[in-house]
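Student: I am in my first year and would like to take a close look at one part of a protein, slowly and with the reasoning spelled out. Could we begin with a single contact and then go on to other parts of the fold?

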Amino acid sequence: MITMTAKRTSRVPRTCPSLLAIFLLTLSVHLAKTTFEYDPYKILGVSRSASQPEIKRAYKNLVRVWHPDKNKDPKAEDMFIKISKSYEILSNEERRSNFDRYGQMDENSHAQHPGFRNFHRSFYFDESFFHFPRSRDFSDSKYMLHHAQFNSDVLPDSHKRPYLIKVTSEWCFACIHIEPVWKETVQELEPLGVGIGIVDLGYERRLANQLGAHRAPSIIGLVNGRVTFFHQAVVREHLRQFIEDLLPHKLVEKITDQNYLSFLDSWQTENKPSLLLFDQVPVVPLMYKLTAFAFRDYVRFGFVVQDDTHSAKLLRQFNINNYAPTMLLFKEDTEKPVDVIQARGMKRQIMDEFVSNNKFLQVPRLVSQQLFDELCPVKQFHRRRKYCVLLITGEDQAFIPGNKAFLEFASVNRKDVLRFAYVYQRQQQPLCQALLPNQAALSPQVVILERRSQAGKVLYRSVSGGWNGSEEDKYRLHEQLELLQKDPTYLSSDATLPELNNEMAPIFIIQWMNAAYDYIVQIYDDLLYSNWREMMPILSLIFSALFILFGTVIIQAFSEPGETKPRKPKPKEQPQTEDDASSRASSWSRPPKKDFVEVTELTDITYTSNLVKLRPGHVNVVLVLTNASKNALLRKFAKEVFSFSGTQTLHFSFLNADKHRHWMPSLLRSASDAAWSANHSDEDEESSDYSGHVLALNGHKKYFCLFRPVFTGDDPNDSSSEASFSSDTRRKSRSRSRSSSHSRSRSHSREDGAGSRRGSGRATSIDVHHKLDRLGLWMERLMEGTLPRLHVPTWPTLDDTTSKES
């Protein structure tokens, strides 16, 4: 601590007292004037007279501590931004002067990119240390993503094109290694229509958390709003294949001579035009897949390999040139394409324009509200009127001639202000009832309408006479369309249309299966690549469900048969003494978790863990014995403490006094109890027989409670003397049980000590057996906390009488 203080004070420049007074006065004036939200000098920990090297040194030291990649504190990101902003102010002399004078800084230079103010600086060291590039390429700035921009633009756009996103940071060595491959990949995939994005962990921590990216570098694919991580080697071919794998399957169908007729004839069921690409390459080009992904809701895409022998008939029928890629677009007429494009160097822009101009059939069927909004947009200006000529018909065979006649009429009368469409009455009953409310069972009918608002309000007029597809019907419809273009007020009726049913929407079971499949694939990827941070909510849900199932079903199933079994009567217990029985019935006696008592020996190996370093709140109950009394005392000890073995804070051990004869006298000499020291001499302690003594040792708080043997049994060798001794002992024990706990402990120690010395000369097996007769009552008082505690400064060692610190 002293060294650190000296190192800090050595950085403060030495000034004379007069200069120091001027500096303090100037500082107070500037603090009174400043209105800035924070003090950059205070944040960097430098004085206002600090030089540029000192400011840079303080900045680098703070950045090492508060960089979000190194510091997981929730406040690290905000603190890091403040440090970077403070360094920008103080590293520029002009900004520093403005702050010193007015307490403000010029924010205009940061208005364009507030999240990348420190973009051209290294966070940790000067670039001269490692000879890194001075800054990132300026071209990368156009790919930088912000949280709001990602949710408002990128996320919805991912349903039309895939995105390849790189997660990086300013202090990332691995990012420098993959940079050349990344640039080559961007130059290849961006012209094809792949979206490119870059997320900086240092500034866009919120967006990185939303993507699930917690380290740099990471590469992410985004398709249909779903995030997928790239886990292979960063090679251009792997990244290209990664984008292809993200696209949905069956975007492009392989077309040959056997299936091309069924592909082109599906326009009626699919309600989409069909596009065929003829090319010599054996696989579908990525650019064509990306185009199919962008227009998958409007057009069906097929691919024909020109060199394939199974496509010879198809090539001859449409007279395809084998030297350049060719695209044919078919609508209702499957024998003649409505549009053709052929180019040796096919560009994505050309493909998009070609498909966009032909993404609807000549007379499409209204199958959804989205299609209705695009075909018949709401009127915005007078010159942009769009009239929708709608045929209300059926799907039976009887309606086919009238439907074909309506298609022929639409092909001849194509105009920019007219949109022709038809609708099946059975599929869109609410729409038909709103337009023709007075007709219950409809025959084919033509309605001309103009949409006026997004709420569904329309002006319309039905063509009188219905529609059968005759020449008279065609003439009547043509005449009314001419009147409409001359007089817009020709539409005399108004109505509010309901929203159309989505006929192409999959049923609930299909949607549920697709969602379940996506979740299974996501879980598989997370398990395969150990993305445990993202998997924790799912794993928590799974384990919670399994736990509930186990607790409510399995345990109940196993417990019910056991409850029906009759309980066996307990065996009769042996008669016990009055004090022993009362101790067993006490509320402190817990049923043990095991049918035996673990008693370990205190040796040089177990002494430290079982006493010196015993956990707080735990007590070790130690029995002192000798080689001669070991077996008898251990059996009696296990019997007396068995009812307390269920307590997790109690541990049971024994100490061999023959091996460690100096430990007990050393412990008693170091006890802090004055009464004990006054009533016992050192010679008496050295010569005493400690077998049968029990100590409750609290290793953490350095105190112990002592139990001395009490003789309550009868000696058959000396019935007279021992009987009187036994009766006297019982009388004394009853009188002591009615006295206070402290005086009872003192009388116990003195009288029991006399009894011990008196009976030591005639030690028999019965005497040893009865030494622990009163241990059960002593254990009850130990659990109650009423036993006197003898404190020791240190615990003696087992080898000698020297102290050992806890």
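Student: Which residues in α14 meet which residues in α16?

Tutor: Please keep in mind that this is a predicted model. In α14 the residues of the contact are Met287, Tyr288, Leu290, Thr291 and Ala294, and they meet Arg348, Met351, Asp352 and Val355 in α16. If you sort these residues by class, you find six nonpolar, one polar and two charged. To see how the contact comes about, it helps to know that two packed helices are described by the angle between their axes and the distance between the axes. Here α14 covers residues 286-294 and α16 covers residues 348-356, and their axes cross at roughly 35° and come within 10 Å. The crossing in which α14 passes α16 is right-handed.

With that picture in mind, we can read other helix pairs in this way. Helix α9 takes in residues 173-189 and helix α11 residues 236-246, with axes that come within 9 Å and cross at roughly 45°. The two helices α9 and α11 are therefore oblique to each other, and α9 passes α11 in a right-handed crossing. On the α9 side, Val181, Glu184, Thr185, Glu188 and Leu189 take part, and they meet Arg236, Leu239, Arg240 and Ile243 of α11. This contact of α9 with α11 is made up of four nonpolar, one polar and four charged residues.

A disulfide can also be found in this part of the chain. A disulfide is a covalent bond between the sulfur atoms of two cysteines. One such bond joins Cys172 to Cys175, with a distance of 2.2 Å from S to S. The torsion about the S-S bond of Cys172 and Cys175 is about 80°, so this disulfide is right-handed.

Further along the chain, helix α18 (residues 400-412) packs with helix α20 (residues 471-486) at an angle of about 40°, and their axes lie 11 Å apart. That angle makes α18 oblique to α20, and the crossing of α18 and α20 is right-handed. From α18, the residues Ala405, Phe406, Glu408 and Phe409 meet Lys474, Leu477, His478 and Leu481 from α20. In terms of class, the contact of α18 with α20 has five nonpolar, one polar and two charged residues.

Helix α20 also leads us to a sheet, since α20 lies across β10, β11, β12 (445-451) and β13 (457-462) and runs at about 15° to β12. Strands of a sheet pair through backbone hydrogen bonds, either parallel or antiparallel. This sheet is open and has five strands with mixed pairing, in the order β11-β10-β12-β13-β14. At its edges stand β11 (418-424) and β14 (493-496), each with a single partner strand, so one side of each is left without a neighbour in the sheet. From one strand to the next, the twist averages 35°. If you look at β10 (residues 387-393) beside β11, you see that they pair in the parallel sense over seven bridges, and that Thr393 stands opposite Tyr424 in β11.

Another open sheet consists of six strands with mixed pairing, and their order is β15-β17-β16-β18-β19-β20. Its edge strands, β15 (599-601) and β20 (790-791), each pair on one side only. Within this sheet, strand β16 (residues 619-625) and strand β18 (residues 694-698) run antiparallel and are joined by four bridges, and Leu623 stands opposite Val694 in β18. Helix α25 (residues 630-640) packs on this sheet and touches β15, β16, β17 (650-656) and β18, while its direction makes about 145° with that of β16.

Finally, two details of the backbone deserve a careful look. Most residues other than glycine have a negative phi, and most peptide bonds are trans. Against that background, the peptide bond from Ala216 to Pro217 is cis, with omega near 0°, and Pro217 has its place in the loop between α10 (205-211) and β3 (218-223). Asn319, although it is not a glycine, has a positive phi of about 55°, and you will find Asn319 in the loop between α15 (312-318) and β8 (326-330).

Note on methods: Residues are numbered from 1 along each chain as its sequence is written. This is a predicted model: local features need pLDDT of at least 70, side-chain atom pairs count only at pLDDT 80 or more; totals for chains, interfaces and linings use all residues. Side-chain values use heavy atoms; hydrogens and water are left out. Axes are lines fitted to C-alpha atoms, for helices over the stretch in contact, and angles run from 0 to 180 degrees between N-to-C directions. Angles under 35 degrees count as roughly parallel, over 145 as roughly antiparallel, 65 to 115 as roughly perpendicular and the rest as oblique. A crossing is left-handed if the near helix is turned anticlockwise from the far one by less than a right angle, and right-handed if clockwise. Contact means heavy atoms within 4.5 Å. Ala, Val, Leu, Ile, Met, Phe, Trp, Tyr, Cys and Pro count as nonpolar, Asp, Glu, Lys and Arg as charged, and the others, Gly among them, as polar. Two strands pair if DSSP finds at least two bridges between them. A disulfide is a pair of cysteine sulfur atoms within 2.5 Å.
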